[in-house]
Every structure is written in C-alpha cells, then in structure tokens.
Amino acid sequence: MRTFISFTEALDCVLAHASLTGTEFVPLSAAVLRTLAKPVIARDDLPPFASSAMDGFAVRTDDFSLDVHRDVRVIDHIAAGDDRSLVVEPGTCMEIMTGAPFPYGADAVIPIEWVADRQGDNVRFDRIPAPQKHVRPAAEDVQKGAKVFQGGERITPAIAGMLASLGMDPVEVRRQPKVRVISTGDEIVPASSGIGPGQIRNSNGPSLRAQVVEAGGECKVFDHVPDDPDAIRTVLSDAGDSDILVFSGGVSVGEHDYVKQVLDEMGAETLFWKVKQRPGKPLAFGRLGSTLFLGLPGNPVSSAMCFEIYGRALIEAMLGRSSTRTPVLKAKLGRSVRKVEGLHFFTRGIATTDATGQLTVVDTGPQGSNLYGSVVMANCIIHLPQHLAEVLAGSLVDIQMLPWIGLTPKPETPTA
Ligand code: AMP
Ligand code: MG
C-alpha cells in the first residue's frame with residue numbers, strides 16, 4: 001500500500017484502476033445523460049430528401065428569364081408527407097408547404113408573400129429568387145456514412161434529437177457504474193430524524209448519492225452503519241454487485257474507524273491511504289475483488305470535494321467519457337491565499353468572468369473542513385499546488401467548475 005502520496009499520484013492511481021463498464025441498449029427516451037458506447041455512423045442522409053424551406057411555390061427560375069412578371073400555371077399542391085414523385089414542367093409551378101418534398105424540374109421556392117396576383121390556376125410573382133433559394137437540399141446536415149458522434153459522448157438533449165433524426169432508437173450506451181454509498185458513524189442519524197445529544201444528521205449520504213448520479217453513476221441506496229465492525233461486515237457482504245463502494249467516514253486513525261480494518265480482514269487490497277491534500281488527507285482507495293472502494297473522510301466538505309475530484313473521475317473513466325464535465329480551466333486569482341506548504345489544496349471558490357472576459361476566481365472565505373457553507377457557496381474547486389505556502393493575487397490557478405452550478409454571472413462579494 002502506498003501512503004501519503006501526492007494528489008496527482010492518487011488521481012493517476014484511481015484512473016489506472018478504472019475499467020470500462022459493459023454496454024446495453026436503452027430506449028432513446030431513457031438515454032439522455034447516458035454515455036454513447038460506440039461511435040455513431042449515419043445510416044441515412046439528413047435531411048433524407050430535398051424539401052421546401054417555405055410555404056410558397058416550387059418554380060423553374062428559367063421560366064422567368066425573359067419576363068419576371070409572366071403568369072405560370074399552378075398544377076399541383078404538395079404538402080409535408082406527400083409521397084408522390086412529381087415533375088414541374090416548363091411554364092408550370094406547384095404550390096408547396098414547408099417540409100414538403102421538392103419536386104423534380106423545379107429549382108427554387110417563391111415564398112407565398114411574393115405572390116403579386118392569383119387568378120384561378122394562374123399565379124404571378126413580384127420577384128424571382130436565385131436558383132436553389134428556399135430549397136433544403138438532401139444531406140445538407142449529415143451525409144450517410146459520416147461519423148456523427150464519437151463513442152464516450154454524454155447524450156445531451158441535442159444529441160438525443162440528432163440520434164432520433166438518424167433513427168438510433170434504441171441506443172447503445174455504457175452501463176452506469178453501480179455505486180453503493182455507505183455512511184459510517186455512531187453519531188449519524190437520518191436526515192428525517194430529530195437529533196439527540198451528540199448526534200448529527202447524515203448529510204453525506206444524500207449529497208454523495210446526488211454527486212454519483214450527476215457524474216453518471218447509479219446509486220439506488222445509501223446505507224448508514226454504526227461504527228461497529230460487524231455492521232460494516234454485514235453491509236459489505238451483500239455489496240458484491242457494486243462496481244464502486246463509497247464510504248463516508250471511518251477511514252481515519254481514530255479508535256472507531258473500522259472501515260479499513262474490516263476491508264483488510266475481508267481481503268481487500270488498499271492501493272493507497274492518505275494523500276498530501278486538504279481537505280481529505282485520510283482518503284483511501286483500493287479494491288475488494290472486482291469492486292473498487294473509495295474511503296472518504298467523514299467531514300462533509302472533505303467528502304464532497306474528494307468525491308468530486310476522485311469519484312467523478314473514476315465514474316467518467318468507467319463510462320469511457322470522451323470529455324469530463326469539469327475540465328481544468330485557468331483562472332486569475334482575485335486575492336492572495338495562504339496555505340500549508342506540502343499539501344495540495346482543494347479550495348472552494350467563486351469563479352466569475354470580469355468585464356474583460358477574463359476568468360477570475362476568489363476563495364469562498366473560511367475553508368475549515370467542517371464548514372459546509374463553503375461548498376454550498378462555491379461554484380468551483382481551486383487547485384492550489386502542493387509546493388506553495390501562499391498563492392498570490394493575480395496568479396493563474398487551475399480551477400474545476402462544480403457541474404451543478406454554472407458560472408456566476410456577476411461578481412459577488414464573498415464573506416471574508
Ligand atoms: P470521520 O471521518 O468518521 O472521523 O468523521 C469526521 C467528521 O465528519 C465527524 O465530525 C463526523 O461527525 C462527520 N461525519 C461523518 N460522517 C458524516 C455524515 N454522513 N454526514 C455528516 N457528517 C458526517
Ligand atoms: Mg466517524
């Protein structure tokens with residue numbers, strides 16, 4: 001087991017142990033926010049046929065080369081969904097609706113607003129458009145055979161729309177990693193409970209579950225177990241179908257921290273324990289059979305930050321995501337921050353763009369790992385490098401946005 005390793009060593013170790021989940025077909029209606037398992041190749045052109053972009057008349061523009069104001073005869077009406085193969089002969093035109101298949105022979109659509117006069121079957125126009133005007137060619141958007149999406153893309157509403165247009169229903173997605181969240185602690189009671197002396201409500205269970213889901217995992221239950229080796233063993237005995245076990249609490253060196261002890265007894269391999277970071281120094285990571293485990297310190301701030309950094313990366317890697325939701329961005333530090341040299345800091349920050357468009361970030365204020373308000377207030381995590389004791393205002397720092405919060409539109413004054 002490695003111990004007291006750096007943040008990058010810890011993250012690399014987590015990623016090195018992430019194996020891709022299998023794939024499954026799901027109805028497109030259930031595929032939004034899931035991850036495409038394979039590249040998507042267009043089976044059809046999009047649009048599949050040439051159509052009208054306007055309500056108007058499909059004409060042959062040649063007909064008007066000598067006289068823009070000549071009459072042409074309206075010989076048919078084409079509505080969206082018309083399946084006939086129609087031909088516009090010289091001197092004639094067809095009334096056509098938006099989205100209707102464009103007939104052979106014609107080369108432009110004259111919008112209905114350009115009609116100068118209509119007498120029975122004869123129509124005259126104010127002006128004549130250039131050839132191809134108001135015609136949507138087949139394959140303008142996507143050509144049959146084109147690679148439309150890479151495997152690993154997260155299915156956004158827009159991607160779902162494109163998949164539907166291409167007839168990709170059902171769609172092959174990565175199976176969501178099954179994550180079990182286990183909160184430990186004799187002092188912990190459910191959020192729905194009143195609290196007695198010395199008790200606190202389980203805030204990590206619900207928030208970790210939400211983080212798991214946001215990252216793309218599946219978390220049906222979150223358990224709570226007391227600081228009792230037998231109780232921890234019992235929960236672990238039926239956790240075999242999980243891909244990842246996430247423990248909150250019980251991984252420190254306290255007398256009641258039994259999680260590591262029980263995992264060791266059960267034959268788990270701890271890959272690392274303790275990382276040169278704050279918050280979350282006692283972080284543990286390892287595997288129990290084919291199940292990976294992440295032992296997060298119980299402090300709600302540590303739990304939230306460590307999951308966001310390590311748990312999210314693990315889930316996204318297992319999904320084969322082609323991009324993370326929280327890429328590292330460079331931001332200008334708005335005020336100096338002191339830190340402990342030798343530890344990498346995950347400082348809660350508020351990022352804004354200033355008047356010049358420069359991404360700027362300030363810390364949320366007091367950063368105690370028991371101060372959960374700092375997580376609520378933050379929209380990003382600021383990475384402050386291990387080797388520094390102070391990071392000066394004006395320096396460029398790495399930040400990662402918290403995916404559930406967007407950029408703050410206007411500067412806010414954090415409580416100092
Ligand atoms: P531990 O890592 O078990 O030593 O816990 C560290 C601190 O986090 C203690 O003050 C615990 O009371 C608190 N804590 C542990 N688990 C939770 C939880 N699920 N929800 C809220 N606070 C917790
Ligand atoms: Mg505890």
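Let me start at the end of a helix. Gly-320 comes after helix 6, and its phi is positive, near 65°. Before going further: this is a predicted model, and everything I say today is about that model.

Helix 6 itself runs over residues 300-318, which makes 19 residues. From its first C-alpha to its last, the helix reaches 25 Å, close to the 27 Å expected at 1.5 Å a residue. There is still a bend in helix 6, a kink of about 40° centred on Phe-307. As for its surroundings, 17 of its 19 residues are buried, so helix 6 is largely enclosed by the rest of the structure.

Next, the ligand. Which residues come nearest to ligand 1? There are 16 residues around ligand 1, and the nearest of them are Glu-187, Asn-202, Gly-250, Gly-298 and Asn-299. Let me go through some distances. In the side chain of Glu-187, an N or O atom is 2.6 Å from an oxygen atom of ligand 1. Two backbones also come in here. Gly-250 has a backbone N or O atom 3.1 Å from an oxygen atom of the ligand. For Ser-203, a backbone N or O atom lies 3.1 Å from a nitrogen atom of ligand 1. On its own, ligand 1 has 490 Å² of accessible area, and the protein covers 77% of that. Strand 14 (179-184) and strand 16 (200-201) are the elements that give two or more residues to the shell around the ligand.

Now to the start of the chain. Ile-5 is in strand 1. With a relative accessibility of 6%, under the 20% cut-off, Ile-5 counts as buried. Setting aside residues up to four places away in sequence, Ile-5 touches Ala-10, Phe-272, Lys-274, Val-275 and Lys-276. There is also a C-alpha distance to mention: Ile-5 and Lys-281 are 276 residues apart in sequence and 9.8 Å apart in space.

One place further on, Ser-6 sits in the loop between strand 1 (2-5) and helix 1 (7-16). Is Ser-6 buried or exposed? Ser-6 is buried, at a relative accessible area of 13%. Its side chain makes a polar contact of 3.3 Å with the side chain of Thr-8. Beyond its neighbours within four places in sequence, Ser-6 is in contact with Val-275, Lys-276 and Gln-386.

Two of the residues touched by Ile-5 turn up again in what follows. One is Lys-274, which is placed in strand 19 (residues 269-275). Lys-274 is not a glycine, yet has a positive phi of about 80°. It is partly exposed, with a relative accessible area of 27%. The other is Ala-10. Ala-10 and Ala-284 are 274 residues apart in sequence, with their C-alpha atoms 9.4 Å apart in space.

Ala-284 belongs to strand 21 (residues 284-288). Its relative accessibility is 0%, and Ala-284 counts as buried. Its contacts, leaving out neighbours within four places in sequence, are Val-251, Lys-260, Phe-272, Trp-273, Phe-293, Leu-294 and Gly-295.

A few words on backbone geometry. Most residues other than glycine have a negative phi, and most peptide bonds are trans. Besides Lys-274, I would point to His-134, which is not a glycine and has a positive phi near 65°. His-134 lies in the loop between strand 10 (122-125) and strand 11 (135-136).

What kind of peptide bond joins Asp-169 and Pro-170? That bond is cis, with omega about 5°. Pro-170 is in the loop between helix 2 (157-165) and strand 13 (171-174). The bond from Arg-278 to Pro-279 is cis too, and its omega is near 0°. Pro-279 is placed in the loop between strand 20 (277-278) and strand 21.

Last, Asp-223, in strand 17 (residues 222-225). Asp-223 counts as buried, at 15% relative accessibility. A polar contact of 2.8 Å joins its side chain to that of Arg-180. Not counting residues up to four places away in sequence, Asp-223 touches Arg-180, Val-181, Ile-182, Ser-183 and Val-235. Arg-335 is 112 residues from Asp-223 along the chain, and their C-alpha atoms are separated by 41 Å.

Key:
Residues numbered from 1 in each chain as written. Chains lettered and ligands numbered in written order. Predicted model: local features only at pLDDT ≥ 70, side-chain atom pairs only at ≥ 80, totals over all residues. Heavy atoms only, no water. Helix = DSSP H or I, 4+ residues; strand = E, 2+ residues; numbered from the N terminus. Expected span 1.5 Å × (residues − 1). Bend = angle between axes of the 7 residues up to and from the residue. Buried < 20%, exposed > 50% of the residue type's maximum accessible area, 1.4 Å probe, protein only. Polar contact = N/O pair within 3.5 Å; in protein donor to acceptor, adjacent residues only side chain to side chain. Contact = heavy atoms within 4.5 Å. Near = heavy atom within 4 Å. Areas by Shrake-Rupley, 256 points an atom, 1.4 Å probe, with all protein chains shown as cover.
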